[in-house]
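User: Hi! I'm new to reading structures and would love some help with this one. Can I show it to you and ask a few things?

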Amino acid sequence: MAEKIKLINDDGLRTDGRKPDELRPIRIEAGVLANADGSAYLEWGANKVLVAVYGPREAQPKYLQDPMKAIVQVNYNMAAFSSEERVRPGPNRRATEISKITAEALENVIITNNFPRASIDVFIEVLEADAGTRCAGLTAAAVAVADAGIPMTDLVAACAVGKADGQLLLDLGKKEDNFGEADMPIGIAPRTGDIVLLQMDGDMTQEEMRKALRMGMDASRKIHELQTDALRRRYAVNFADMDDGEAVQ
Amino acid sequence: MKRNIIPEIKKELIYRLAQRECREDDRPLLAYREMNFAINPISTAEGSARVQLGKTDVLVGVKVQPGEPYPDKPDEGVLMTGCELKPMAHPSFETGAPSDDSVEIARVVDRGIRESNMIDMKKLCIEPGKKIWIVNLDIQVIDYDGNLFDSATIASLLALHQATVPASRFGLGDDFRMPASSWPVTATFVKIKDIIMADPTMTEELSADARLTISIDDGGHVRAMQKGLKGSLTYDEVSRAVDTAQKLTLDIRSRLISGE
Amino acid sequence: MVQSDNVQRTDRVLVVPGDKLGDSSYKPGTGTFRKDSEIFAAQLGILNIRSGFINVIPAGGIYQPRQGDSVIGMVQDIGPSNWMVDINCPYTAFLHANETQWKVDFGTAGQYLGVGDIILAKIGQVDETKRVNLTMKEQGLRKMGSGQITKIAHTKVPRVIGKGGSMIALLKEHTGCRIFVGQNGVIWMDGEFEGMKKAAAAVQLIDHGTQLHGLTDSVREFLSGNGGASAGQSQPVGKMTFDIGIKRE
């Protein structure tokens, strides 16, 4: 048996030098693609995620159409070269599950009843993966949906909390994810604090679970600031001069 | 999701402009769009490159892993090229199994690399008949505005030239540089009625009757060709296209070698 | 409340979905929603308070068809006595032969309008599931036999028209083109090559304009100068600092 990897050093710091409640660096850009209706690019640690949004557009195939509201469809995909081991192209059970829970989290905040029979299609491409890609994907997707001008009651911000060497750690890195004791991705609607995505695997006491949930919710609020900042940067200049017009023809 | 249709008046405009040796973006008929590229932007890949040709944007990653050789080539490595045209790049692209278009792009890119012997496949043999290196070249289109053949080829060449064979990760000795030596660059043309133009945009491709991709190696030899679409080309048109491809690929190649 | 210093170099307040905009002393207008006597932004856009209503003028988003709007569309499919028309909105619009000036025999619709043809039409009806019927019966509604179309964000249509039609008049005067602006963000123009090129470039300048003041002046300057430059093509691939290796200003 290999020796157990030590994930927290004597100073209480993690293998990448972070404190237990510290996020990795995050950078978000909105409106980065030419053809998509809305888009976002996010770097989170070494994660690189690109999201394209189309819609609302007529849902295809037709049997999917809801005459009362839009449906939300998400396709989460890892690029073949996005991790150390090559990812075989095409759908797999993990990607299908992540797509489903991401769609459900987004549907919670998207105002769908203005768009009967339509679909809002979200394509999440993980170009480089470094643990936490579902939270990175959901966080970027919320920015891309807002960038598409789609009505929403809120954004969604997500972050994972885990446990390693018996200690709760915010935003697990790759080693912590591989060798830690628990992982809990959390997504919230920041305005209300409502939890819209929650998964957990591993082993936590009930007390740890509650504390971890708090940590994740607090961190998601910080991530929400980065999301709104990205959207404001995208449009602040562009809209500065929208003054000399009135209704049409 | 939607069929990719462009207005008839757009097609007419493109042709009328072409008759005046003009294009929508002010380019001469045989000029390429502005090209930008980035080398090794993806650290999980053994080699990677991103190429922007106008608004077309392509990312290519190389993954290398040990595997078994083909029985007919027991002492040679294997190159496998894949291309996916995903909805991210254009609303007319769909998820699911690779489309005919994406298979054609992957095969044309692969052919140029393979036929030029750019990669010394014998150096990718670990143990003859048993173990060789499999080189996976995966093409991911980020934004589509025409000419994926050339942008994917250019990104593939850059990614392969920069790639490392990760031997130490598999306990197979020291890492070494991908044995890549030459730059088989392609040039792609479309024919709209009687006019030939290089590096077509999406609207030019959708207006085109025929398409021709030509791969030229460092010595000026033709290493692969692909004629596409339902229209035809004359002997003279092909002959002139090869001549032009020689000049165009020379410029691109020198930029790729200088890395700027 | 949203602080105006969130927005750089402009007095226009850019809001993000979920931003709190006001309390019960206001009424919720377009692009907003009310929750527990408070009003929040439902869309990315510019805050606008008028006659006691709080509105958000959307920064982007897709055109929503409204009865009576003039639109420019492209024929997408042909039926026995009808056409399906792409009008740059979530829904394919329906044009029946009875709503045209032609007498179309059953099964001959394609002789009048083919796939890829551009038409100027008006929206007749929109039902509750957003089925859209077009009409071409009114004076001036017709197939466009030549010219060029370009698309802008439908929210920028008032900018292209200008106060009392001033901007569109400026465009026509300097380019010698005939120009129609559809409320769906599709613009048709016809004239000499150079004129159309200039007009298209000027329209893109208005759509993506980054100047802070005096849009009309800068468009006039552009049109009077050697404005044949391909401003329509100059939009950077990544609009912000999106990089994955490639740096853009």
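User: Let's start inside. Which residues in the largest nonpolar core touch the most other members?

Analyst: Happy to help! Keep in mind that this is a predicted model. The core has 213 residues, and those that touch the most other members are Val51(A), Leu106(A), Val122(A), Ala141(A), Ala144(A), Val145(A) and Val156(A).

User: And which helix gives that core its largest share?

Analyst: That is helix H2 of chain A, residues 133–147, which supplies 10 residues of the core.

User: Pick one of those residues for me. What does Ala141(A) touch?

Analyst: Leaving aside residues up to four places away in sequence, Ala141(A) touches Val51(A), Val74(A), Thr102(A), Leu106(A), Val122(A) and Ile124(A).

User: Okay, zooming out. How many helices and strands does chain A have?

Analyst: Chain A has four helices and 10 strands. Going along the sequence, the pattern reads β-β-β-β-α-β-α-β-β-α-β-β-β-α.

User: Why can chain A be called as compact as a globular protein of its length?

Analyst: Its radius of gyration is 19 Å, and the globule rule gives 18 Å for 249 residues; the two values are close, so chain A is as compact as a globular protein of that length. Along its principal axes, the C-alpha trace of chain A spans about 75 × 40 × 35 Å.

User: What percentage of chain A is buried?

Analyst: Buried residues make up 56% of its 249 residues. As for contacts in chain A with a separation of 6 or more, 70% of them are between residues 24 or more positions apart.

User: Switching topic: how many residues of chain B are in contact with chain A?

Analyst: On the chain B side there are 28, and they meet 25 residues of chain A. Strands E3 (56–67), E4 (78–84) and E6 (131–143) of chain B are the elements that each give two or more residues to that side. By type, the chain B side divides into 11 nonpolar, 10 polar and seven charged residues.

User: I clicked on Ala89(B). Where is it found?

Analyst: Ala89(B) lies in the loop between E4 and helix H2 (100–115) of chain B.

User: Is Ala89(B) buried or exposed there?

Analyst: Buried, because Ala89(B) has 26 C-beta neighbours inside 10 Å, and the cut-off for buried is 20 or more. Not counting residues up to four places away in sequence, Ala89(B) touches Asn35(A) from chain A, along with Val141(B), Ile142(B), Asp143(B) and Tyr144(B).

User: Now chain C. Which residues of helix H2 are buried there?

Analyst: In helix H2 of chain C (residues 166–175), they are Met167(C), Leu171(C) and Thr175(C). Looking down the axis of H2(C), these buried residues fall within an arc of 45 degrees, so they line one face of the helix.

User: What do the buried residues of H2(C) pack against?

Analyst: They pack against helix H1 (157–161), strand E15 (178–181), helix H3 (193–208) and helix H4 (215–224), each belonging to chain C. Just after H2(C) comes Gly176(C), with a positive phi of about 65 degrees.

User: Last one: what is the mean pLDDT of chain C?

Analyst: The mean is 85, and 84% of the residues in chain C reach 70 or more. Over residues 1–10 of chain C, though, the pLDDT is below 50, and this stretch has 22 contacts in the model beyond near neighbours in sequence. Residues 227–240 of chain C are also below 50, with 33 such contacts. For the model, the scores are ipTM 0.94 and pTM 0.92.

Notes: Residues numbered from 1 in each chain as written. Chains lettered and ligands numbered in written order. Predicted model: local features only at pLDDT ≥ 70, side-chain atom pairs only at ≥ 80, totals over all residues. Contact = placed C-beta atoms within 7 Å. Nonpolar A, V, L, I, M, F, W, Y, C, P; charged D, E, K, R; others polar. Rg over C-alpha atoms; globule rule 2.2 N^0.38 Å. Buried ≥ 20, exposed ≤ 12 C-beta atoms within 10 Å, placed from the backbone. Arc of directions from axis to C-beta. Core = buried A, V, L, I, M, F, W, Y, C linked by C-beta atoms within 7 Å. pLDDT = per-residue confidence, 0-100.
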